[in-house]
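Student: I have a model open and would like to go through it with you. Could we start with the open spaces and then move to the annotated site?
Tutor: Certainly; please bring it up.

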Amino acid sequence: MTNDKMKLPSDFMFGLATASYQIEGSTTASGRGPSIWDTFTHKKPFPIADGSTGDNATDSFRRWKSDIALLKSYGVNSYRFSISWSRIIPNGGRNDPVNQEGIRFYRDFIEELVKAGIKPCVTLYHWDLPHTLHDRYGGWLNRETVDDFVHYAKVCFQAVGDLVKHWITHNEPWIISVLGYGYGIFAPGRSSNRERSAEGDSNAEPWIVSHNLILSHAYAAKLYREEFKPTQGGSIGITLDCVWYMPYDGDSPECVQAAQRALDTRIGWFADPIYKGHYPSSLVSSLGDRLPKFTPEEIAVVHGSSDFFGLNTYTSNLVRPGGGDDFNGKVTTGFVRPDGTQLGTQAHVSWLQSYPPGFRALLNYLWKTYNKPIYVTENGFAVKDENKLSIPEAINDVDRVDYYRGYTQALLEAINVDGVDVKSYFAWSLLDNFEWADGYGVRFGVTYVDYDTQERFPKKSSRFLKEWYEEHKAS
Ligand code: GBH
């Protein structure tokens, strides 16, 4: 099929994505409480590469009107962003006070978006747990936090559910559990578990955190469906981060099995309970008692709890058995083929190379395996050394344009040639922003942010995406 014949479905959501802690700043304004990312980034020695924090970020809490104008200029019909739990309920808990100023902020923001003709896609939790819940009972390590999250979700549905038709409960539970509680490189920075988990410690934290994240997603979805969906009519789901894992040598049974184990661990850990009603058997057999069990009542709520498959994906890996750890299925991953060539163009971050065929293969795999419409909620690229360039050089982001050209073409082929049901594509990100443990040195935006002045400069990639959408949207 030629390129000009390939179209996007008529209800397709095309837009850009961000997350509260990465862009908002103003972390003590208007009654906001501290989140685990505030306390984590302020620790000494600094856990963030450049010693930075999200205190100012891209100042979007104050510049939200001009951010919406920017979105509008990019021709999008949707925007994915997250709500900061600490702005809505500063201490987080189900018996703690609700902060009307926080609600006002998001209500105003969403009303303005809708007025601009941009559909909001709202993430409830993009990693910024109210710090009080962490102190009170260990945050996600404790089942109590499940009920707190469901209450917080309810407050959000009540406050803005008349305007929001697309809800995401959690962003990337694998990252929350493994980087936050396994390796300790993300908030809340717990890593003691890493040593303990090797020999069957039943208290190994990431498995408990994930179990609670899955439950909190499921009970929030149940509440939405019972109390809000009948009148508000939206949909709700979870977003998982997926790498496309391919056998290193193409077809040896060892590498094929290793790649499947990696998929089971990165994706199936969450997707299998939610879409199939049980943890993957490879996880059950390798973890034994370390993997918590759902009660029959719980799994009945978990199974079928996501209306769609929310997908964040950036890259692909070649996989060999051996090495690694329980969090990746005990495999070795890389970008170098047996013949010494690389999969694609190297990004500024070590974990990312471009490989569009992997995106198409992943979309096909998820569609076949889980049979749910797919919302691509993040996809993007950080150009090597962009932080060292002058602004005029940086906005000429050729590698990012190439990345988006390849990935959007793979998306069109998955939809039009393979028949995969894809309902959205959100590029990460609207703005350069606070890139978690990497700080501000890693830039994923289609808009350059000058952090001295907070001025925004559209990069070439923003123009590419605008024109691509114009060309391929349903007529
Ligand atoms: C997304 O995660 C996030 O949702 C988003 O907030 C973030 O800004 C964006 O990616 C870009 O990173 O080499 O061990 O340090 C994607 C998953 C999470 C993959 C962090 C890379 C660092 C791995 N990413 N991870 S490590």
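Student: Which element gives the most to the lining of the largest pocket?
Tutor: Helix 8 does, with three residues. Please keep in mind that this is a predicted model.

Student: Which elements give two or more residues to that lining of the largest pocket?
Tutor: They are helix 8 and strand 9, the latter spanning 331-334.

Student: And what is the volume of the largest pocket?
Tutor: The volume of the largest pocket is about 890 Å³. Its lining is made up of 35 residues. Nearest the centre of this pocket lie Trp 174, Ile 175, Leu 179, Arg 266 and Trp 351.

Student: How do the residues of that lining divide by character?
Tutor: The lining of the largest pocket has 19 nonpolar, ten polar and six charged residues.

Student: Back to helix 8. How many of its residues are buried?
Tutor: Helix 8 covers residues 173-181, and nine of its nine residues are buried. Among them are Trp 174, Ile 175 and Leu 179, three residues that are also listed among those nearest the centre of the largest pocket.

Student: Now the cavities. How many of 30 Å³ or more does a search of the whole structure find?
Tutor: The search finds five cavities of 30 Å³ or more. The largest cavity holds about 130 Å³ of space. It is lined by 17 residues, and those closest to its centre are Ile 23, Glu 24, Ser 60, Tyr 79 and Phe 109.

Student: Which elements give two or more residues to the lining of the largest cavity?
Tutor: Helix 1 (20-23), helix 3 (64-73), strand 2 (78-82) and helix 5 (100-115) do. Helix 3 provides the largest share of that lining, four residues.

Student: And how do the residues of the largest cavity's lining divide?
Tutor: Eleven are nonpolar, four are polar and two are charged.

Student: Let us turn to the annotation. Where does UniProt place the feature "active site"?
Tutor: The UniProt record, an unreviewed entry, places it at Glu 378. In the model, Glu 378 is in strand 10, which spans residues 374-378.

Student: Why is Glu 378 classed as buried or exposed, whichever applies?
Tutor: Glu 378 is classed as buried because its relative accessible area is 4%, and the cut-off for buried is under 20%.

Student: What does Glu 378 touch, leaving out residues up to four places away in sequence?
Tutor: Its contacts include Arg 80, His 126, Asn 171 and Glu 172. Glu 378 also touches Tyr 314, Phe 426 and Trp 428, among others.

Student: Asn 171 should be in a strand. What can you say about strand 4, residues 166-171?
Tutor: Strand 4 is mostly covered, with six of its six residues buried. Strand 4 pairs in the parallel sense with strand 3 (residues 119-125), over four bridges. Four bridges also join strand 4 to strand 5 (residues 235-241), and these two run parallel.

Student: Which residues stand opposite His 166?
Tutor: In strand 3, Cys 121 stands opposite His 166. In strand 5, the bridge partner of His 166 is Ser 235.

Student: One more region: helix 11. Where does Leu 263 lie, and what does Leu 263 touch?
Tutor: Leu 263 lies in helix 11, residues 253-276. Leaving out residues up to four places away in sequence, Leu 263 touches Val 243, Trp 244, Tyr 245, Gly 268 and Tyr 365. Leu 263 counts as buried because its relative accessibility is 4%.

Student: How far apart are Leu 263 and Asn 328?
Tutor: They are 65 residues apart in sequence, and their C-alpha atoms are 8.3 Å apart in space.

Student: And what about Ala 262: buried or exposed?
Tutor: Ala 262 is buried, with a relative accessible area of 1%. Ala 262 is found in helix 11, and touches Tyr 245, Asn 328 and Val 331, not counting residues up to four places away in sequence. From C-alpha to C-alpha, Ala 262 is 38 Å from Asp 59, and the two are 203 residues apart in sequence.

Student: Finally, where is Asn 364, and what does Asn 364 touch?
Tutor: Asn 364 is in helix 14, residues 356-370. Beyond residues up to four places away in sequence, Asn 364 touches Asp 418 and Val 420. Asn 364 counts as buried, at 15% relative accessibility.

Notes: Residues are numbered from 1 along each chain as its sequence is written. This is a predicted model: local features need pLDDT of at least 70, side-chain atom pairs count only at pLDDT 80 or more; totals for chains, interfaces and linings use all residues. Side-chain values use heavy atoms; hydrogens and water are left out. UniProt positions are given in the numbering used here, feature names are shortened, and annotations may be inferred rather than shown by experiment. Buried means under 20% relative accessible area, exposed over 50%, partly exposed in between (1.4 Å probe, protein chains only). Contact means heavy atoms within 4.5 Å. On a 1 Å grid over the protein atoms alone, a cavity is a set of points where a 1.4 Å probe fits but cannot get out, and a pocket is an open set with protein on both sides within 12 Å along at least five of seven lines; lining residues have an atom within 4 Å of a point. Grid points are joined across faces, edges and corners, and a volume is the space filled by probe spheres set on the points. Ala, Val, Leu, Ile, Met, Phe, Trp, Tyr, Cys and Pro count as nonpolar, Asp, Glu, Lys and Arg as charged, and the others, Gly among them, as polar. Two strands pair if DSSP finds at least two bridges between them.
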